[in-house]
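Biologist: I am new to this structure and would like a close look at a single part of it. Please take me through the contacts and charges where the two long stretches of the chain come together, and explain your terms as you go.

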Amino acid sequence: MKKLLIMVLAIGLATAAKANTTQDSSKRDTAKINAEVRKLNKKLSDLQEELSKVQQRLPDEQSAAEDAASESNKAQEKSRKAAASAVGGDTGDTKKAAKAARKAANETDDAEDAAEKVEKDQKKIKELNKEIEKTKEKIQKLQLSS
């Protein structure tokens, strides 16, 4: 009889210990999930802040790109006119045409750089939006699992 009571007591204690361990484990899992959610929320905040900065500067960059393209067109037209007058002109006309051609090339480079900057920021906006969506989905999945 003593052996039976000892066995029942041992089984009871083992079951109670196992139940207590399971509760502690779920508390640790919840804490881990909450920490991950906080980390993802911070990442989401940082991404949204960066997106806001890029979106704010984009209109200025687009305007600058348009201005640069306009200046490039003007310089190219001036270069064409100088080149046409240099065909039947003297050495001075040729030097003016060469100078106008260099200026047109520089203006065109500036316009291309400005256009690349705008394109880069537009691409950055798309990438940030994708990353924000992924982060939101991760947060949602974690919250559903807790």
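Modeller: What follows is a walk through the helix pair, from its nonpolar core to its salt bridges and then to its charged patches.

This is a predicted model, in which local features need pLDDT of at least 70 and side-chain atom pairs count only at pLDDT 80 or more, while totals for chains, interfaces and linings use all residues. Residues are numbered from 1 along each chain as its sequence is written, and side-chain values use heavy atoms, with hydrogens and water left out.

The two elements to follow are helix α1, residues 2-87, and helix α2, residues 91-145. Such helices are DSSP runs of H or I with at least four residues, numbered from the N terminus.

I begin with the interior. The largest nonpolar core has 17 residues, and the members that touch the most others are L51, I125, L128, I132 and I139. Helices α1 and α2 each supply at least two residues of this core, and the largest share, 10 residues, comes from α1. A nonpolar core here is a set of buried Ala, Val, Leu, Ile, Met, Phe, Trp, Tyr and Cys residues joined through side-chain atoms within 4.5 Å. Buried means under 20% relative accessible area, exposed means over 50%, and partly exposed is in between, with a 1.4 Å probe and protein chains only as cover. In soluble globular proteins, nonpolar side chains tend to be buried together.

Next come the charged contacts. The structure holds 8 salt bridges, each being a side-chain nitrogen of Lys or Arg within 4 Å of a carboxyl oxygen of Asp or Glu. One that joins the two helices is formed by the side chains of E50 and K124, at 3.2 Å from N to O. This pair links distant parts of the chain, since E50 lies in helix α1 and K124 in helix α2, 74 residues apart. E50 counts as partly exposed because its relative accessibility is 33%, and K124 is likewise partly exposed because its relative accessible area is 30%.

A further group of charged side chains is the network of salt bridges that links R57, E61 and D121. R57 lies in helix α1 and is partly exposed, with a relative accessible area of 38%. Although R57 and D121 are 64 residues apart in sequence, their C-alpha atoms are 8.8 Å apart in space.

Other salt bridges stay within one helix. In the pair K42 and D46, the closest N and O atoms are 3.3 Å apart, and both residues lie in helix α1, 4 residues apart, which is about one turn of the helix. K42 counts as exposed because its relative accessibility is 53%, whereas D46 is partly exposed, at 39%. In the pair E49 and K53, the closest N and O atoms are 3.7 Å apart; these two are also 4 residues apart in helix α1, and therefore about one helical turn separates them. E49 counts as partly exposed, at 44% relative accessibility.

Two more pairs of positions show how parts far apart in sequence are placed in space. K117, found in helix α2 and partly exposed at 49%, is 52 residues from A65 in sequence, yet the two are 8.5 Å apart from C-alpha to C-alpha. N34, found in helix α1 and partly exposed at 35%, is 109 residues from Q143 along the chain, and their C-alpha atoms are separated by 8.3 Å.

Finally, there are the surface patches. A patch of positive charge is formed by K39, K126, K130, K134 and K138, and its largest share, 4 residues, comes from α2. K138 lies in helix α2 and is partly exposed, with a relative accessible area of 45%. A patch of negative charge gathers D109, D110, E112, D113, E116 and E119 on the surface; of these, E119 is found in helix α2 and counts as exposed because its relative accessibility is 57%. Patches are made of residues with over 30% relative accessible area and no salt bridge, and like charges are joined within 9 Å, while nonpolar side chains (Val, Leu, Ile, Met, Phe, Trp, Tyr) are joined within 5 Å. Lys and Arg count as positive and Asp and Glu as negative, with His and the chain ends not counted.

How values were computed: Areas by Shrake-Rupley, 256 points an atom, 1.4 Å probe, with all protein chains shown as cover. Charge placed at Lys NZ, Arg CZ, Asp CG, Glu CD.
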